[in-house]
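Trainee: I have a new model open and I'd like to learn how to read it. Could you walk me through it?

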Amino acid sequence: MVKFTEQERDVVRAVWEKVDVDEIGPEALIRVLITYPWTERYFGKFGDLFSISAVSTNAKLAEHGKVVLRSLGRAVEDMDNIKKTYAELSRLHCEKIHVDPDNFRLLADCITITIACKLKSTFNSNVQATWQKFLTAVVEAMTSQYN
Ligand code: HEM
């Protein structure tokens, strides 16, 4: 289990307080699909994702971005039980959606970049290091039910 100091918890909470889920969620997921186009294959039932402009304006994708980021809030709320929090979602992504777990890291990086673009200089390297430690725990948890 990843352990967090009190200071690290404060940093993660401070970042999260500044995150507008409805804004960062869509932007981060759109960034994943544009930067790593093969990820579109998982969203076959979301309709047209065949160009950058289609990806950027797809309402279902934007909605799903909010769902994913809202789910990240559960990890912020309970940083000592991240693995448990995501056990069921990990199973779902493995057994039903068949997401290659390498993509969890790509999404995590896109979330970090999207947040960095918003927070600018307040997202300094110390903050980034702690935030990425937190997201690494989420990625590990999302991978935990793959065997
Ligand atoms: C940190 C990593 C991730 C988290 C926390 C997350 C979270 C979620 C959540 C909460 C759902 C809804 C589950 C439900 O309806 O019961 C979901 C569904 C889904 N996720 Fe993820 N996800 C992650 C990564 C990914 C990645 C990397 C992909 C693909 C590149 C992906 C593709 C999907 C798809 C296709 C669905 C089903 C969407 C639908 O049919 O409505 N997820 N995810």
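Trainee: Let's start with the ligand. Which helices each supply at least two residues of the shell around the ligand?

Mentor: Keep in mind that this is a predicted model. To read a shell, go through the elements and see what each one supplies. Here helix H4 (59-77), helix H5 (82-96), helix H6 (102-119) and helix H7 (125-143) each supply at least two residues. The largest share comes from H4, with five residues.

Trainee: Which residues come nearest to the ligand?

Mentor: There are 18 residues around the ligand, and the nearest of them are Thr39, Tyr42, Ser71, Asn103 and Leu107.

Trainee: And what is the shell like chemically: how many of its residues are nonpolar, polar or charged?

Mentor: Sort the residues by type and count. The shell around the ligand has 13 nonpolar residues and five polar ones, with no charged residue.

Trainee: Let me zoom out. How many helices and strands are there in the protein?

Mentor: Seven helices and zero strands. Following the sequence, you read the pattern as α-α-α-α-α-α-α. The radius of gyration is 15 Å, close to the 15 Å that the globule rule gives for 147 residues, so the protein is as compact as a globular protein of that length. Along the principal axes, the C-alpha atoms fill a box of roughly 45 × 40 × 20 Å.

Trainee: What does the UniProt annotation cover?

Mentor: An annotation comes from a record, so look at its span in the model too. The unreviewed UniProt entry carries "domain: Globin" for residues 3-147. That span is 72% helix and 0% strand, and its end C-alpha atoms lie 24 Å apart.

Trainee: What share of the 147 residues is buried?

Mentor: Buried residues make up 28%. Then look at how the chain meets itself: of the contacts with a separation of 6 or more, 74% are between residues 24 or more positions apart.

Trainee: How many residues does the largest nonpolar core have, and which have the most contacts inside it?

Mentor: The largest nonpolar core has 31 residues, and Ala28, Ala108, Ile111, Leu135 and Val138 have the most contacts inside it. Two or more residues of this core come from each of H1, helix H2 (21-35), H4, H5, H6 and H7. H7 gives the most, eight residues.

Trainee: Could we take one core residue? Why does Ala108 count as buried or exposed?

Mentor: Count the C-beta neighbours. A residue is buried if 20 or more other C-beta atoms lie within 10 Å of its own. Ala108 has 21 such neighbours, so this residue counts as buried. Ala108 lies in helix H6. Leaving aside neighbours within four places in sequence, Ala108 is in contact with Leu135, Val138 and Val139. You can also compare sequence with space: Ala108 and Val68 are 40 residues apart in sequence, and their C-alpha atoms are 11 Å apart.

Trainee: With which residues is Ile111 in contact?

Mentor: With the same kind of neighbours set aside, those within four places in sequence, Ile111 is in contact with Ala28 and Leu135.

Trainee: Now for the other end of the scale. Where does Trp38 lie, and is Trp38 buried or exposed?

Mentor: Trp38 lies in the loop between H2 and helix H3 (52-57). Trp38 is exposed, because 10 other C-beta atoms lie within 10 Å. Trp38 and Asn103 are 65 residues apart along the chain, with their C-alpha atoms separated by 9.9 Å.

Trainee: What about backbone angles? What is the phi of His98?

Mentor: Look for positive phi values in residues other than glycine. The phi of His98 is near 55 degrees, which is such a case. His98 sits in the loop between H5 and H6, and with 9 C-beta neighbours inside 10 Å, His98 counts as exposed. Lys120 is not a glycine either, and has a positive phi of about 50 degrees. You'll find Lys120 in the loop between H6 and H7. With 8 C-beta neighbours inside 10 Å, Lys120 counts as exposed.

Trainee: One last stop. Where is Val2 found?

Mentor: In the segment before helix H1 (6-17). Val2 has 15 C-beta neighbours inside 10 Å, so Val2 counts as partly exposed. Val2 and Leu107 are 105 residues apart in sequence, and 20 Å apart in space from C-alpha to C-alpha.

Terms used: Residues numbered from 1 in each chain as written. Predicted model: local features only at pLDDT ≥ 70, side-chain atom pairs only at ≥ 80, totals over all residues. Helix = DSSP H or I, 4+ residues; strand = E, 2+ residues; numbered from the N terminus. Buried ≥ 20, exposed ≤ 12 C-beta atoms within 10 Å, placed from the backbone. UniProt positions renumbered as here; feature names shortened; annotations may be inferred. Near = placed C-beta within 6 Å. Nonpolar A, V, L, I, M, F, W, Y, C, P; charged D, E, K, R; others polar. Rg over C-alpha atoms; globule rule 2.2 N^0.38 Å. Contact = placed C-beta atoms within 7 Å. Core = buried A, V, L, I, M, F, W, Y, C linked by C-beta atoms within 7 Å.
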